[in-house]
Amino acid sequence: MYRLLVVDDEANIRNVVREYAEFEEYEVTEAENGMEAVALCREQDFDLIIMDVMMPRLDGFSACKEIKKRKNVPVIMLSARGEEYDKLFGFELGIDDYVVKPFSPKELMARVKAVLNRHHTAANPVSDQQLQFEGLEIDLAGREVYVDGQRATMTPKEYDLLFYLVKNKGLALSRDKLLEAVWGYDFFGDDRTVDTHIKMLRGSLGVYRKFIVTLRGMGYKFDPDA
């Protein structure tokens, strides 16, 4: 069972996150501020931290920086501030995701699952870097893709896009999220860039194009059960 630390000075936020997390069978510990979170992390180990940015005594960014000095634990930041500067600052500190309030608890749990899966993959590079979905074989470490035993020839961005979709399999990803993750913050294109590369990627995957599901009006997801 994964252990989560939920840090927020608002009790109602902690209660909502706890309710949804425990429904997903996570074990939850709560902290009211950054100082308490740092103290708990010195005494205990957690698989993931969900932490608010604006808190009394010690803000979330400072608490994250202090915790990261001692432990490599994934962190999802919560904040009412959605400015690009705040997100960039958080990612520079090593956070794994940034969720703007108000948020959907269901979406937050999906992000928790995705982050935990990514860290589990990183911790088990030999077994989890080799993935297979029917006749589609993906070597994440070697950046190779095989379709029914034949190596697929794809552009670098097709590889990046596929690998990001696969690492977040089952998670609905907006076009903006894909642009941000695969092309980066300094990219000046639009969501048609994503659609164009998805079309190219589907062509490269042949019959296994079915795994890339279109979410109308939203984006895409990689669904191995499609």
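# Questions about a predicted chain

Visitor: Just after H8, what positive phi does Gly 184 take?
Guide: This is a predicted model, in which local features need pLDDT of at least 70 and side-chain atom pairs count only at pLDDT 80 or more, while totals for chains, interfaces and linings use all residues. Residues are numbered from 1 along each chain as its sequence is written, and side-chain values use heavy atoms, with hydrogens and water left out. The label H8 follows from DSSP runs, numbered from the N terminus, in which helices (H or I) have at least four residues and strands (E) at least two. Gly 184 comes just after H8, and its phi is positive, at about 95 degrees.

Visitor: Which residues of H8 are buried?
Guide: Buried here means under 20% relative accessible area, exposed means over 50%, and partly exposed lies in between, with a 1.4 Å probe and protein chains only. By that reckoning, the buried residues of H8 are Arg 175, Lys 177, Leu 178, Leu 179, Val 182 and Trp 183.

Visitor: What is the radius of gyration of the protein chain?
Guide: The secondary structure comes to nine helices and 12 strands. The radius of gyration is taken over C-alpha atoms, and the globule rule used beside it is 2.2 Å times the number of residues to the power 0.38. For 226 residues that rule gives 17 Å, and the chain is close to this value, so it is as compact as a globular protein of that length, with a radius of gyration of 19 Å.

Visitor: Which element gives the largest share of the largest nonpolar core?
Guide: A nonpolar core is a set of buried Ala, Val, Leu, Ile, Met, Phe, Trp, Tyr and Cys residues joined through side-chain atoms within 4.5 Å, and nonpolar side chains tend to be buried together in soluble globular proteins. The largest such core has 31 residues, and those with the most contacts inside it are Leu 136, Val 145, Leu 162, Leu 165 and Phe 222. Two or more residues come from each of strands S7 (136-139), S8 (144-147) and S12 (219-222), and from each of helices H7 (156-167), H8 (175-183) and H9 (191-205). The largest share, seven residues, comes from H7.

Visitor: Which residues does Leu 162 touch, not counting residues up to four places away in sequence?
Guide: A contact means heavy atoms within 4.5 Å. With residues up to four places away in sequence not counted, Leu 162 touches Ile 138, Val 145, Met 154, Leu 201, Leu 205 and Phe 222.

Visitor: How many residues are in the other core that lies apart from it?
Guide: Leu 162 belongs to the residues with the most contacts inside the largest nonpolar core. Apart from that core lies another, with Leu 5, Ile 49, Ala 63 and Met 77 among its members, and its count is 22 residues.

Visitor: Is Thr 29 buried or exposed?
Guide: Thr 29 has its place in strand S2, residues 27-31. Leaving aside neighbours within four places in sequence, Thr 29 is in contact with Arg 3, Leu 4, Leu 5, Val 6, Arg 18, Leu 40, Gln 44 and Phe 46. Its relative accessibility is 17%, and therefore Thr 29 counts as buried.

Visitor: What is the relative accessible area of Pro 156?
Guide: Pro 156 lies in helix H7, and its C-alpha is 23 Å from that of His 119, with the two positions 37 residues apart in sequence terms. Pro 156 counts as exposed because its relative accessible area is 57%.

Visitor: Which peptide bond is cis, with omega near -5 degrees?
Guide: Most residues other than glycine have a negative phi, and most peptide bonds are trans. Pro 102 sits in the loop between strand S5 (97-100) and helix H5 (105-123). The cis bond, with omega near -5 degrees, is the one from Lys 101 to Pro 102.

Visitor: What is the phi of Arg 57, a residue other than glycine?
Guide: Arg 57 is placed in the loop between strand S3 (48-52) and helix H3 (60-68). Its relative accessible area is 66%, so Arg 57 is exposed. The phi of Arg 57 is positive, near 70 degrees.

Visitor: And what is the phi of Glu 134?
Guide: Glu 134 is placed in the loop between strand S6 (130-133) and S7. With a relative accessible area of 47%, Glu 134 is partly exposed. Its phi is also a positive value in a residue other than glycine, near 55 degrees.
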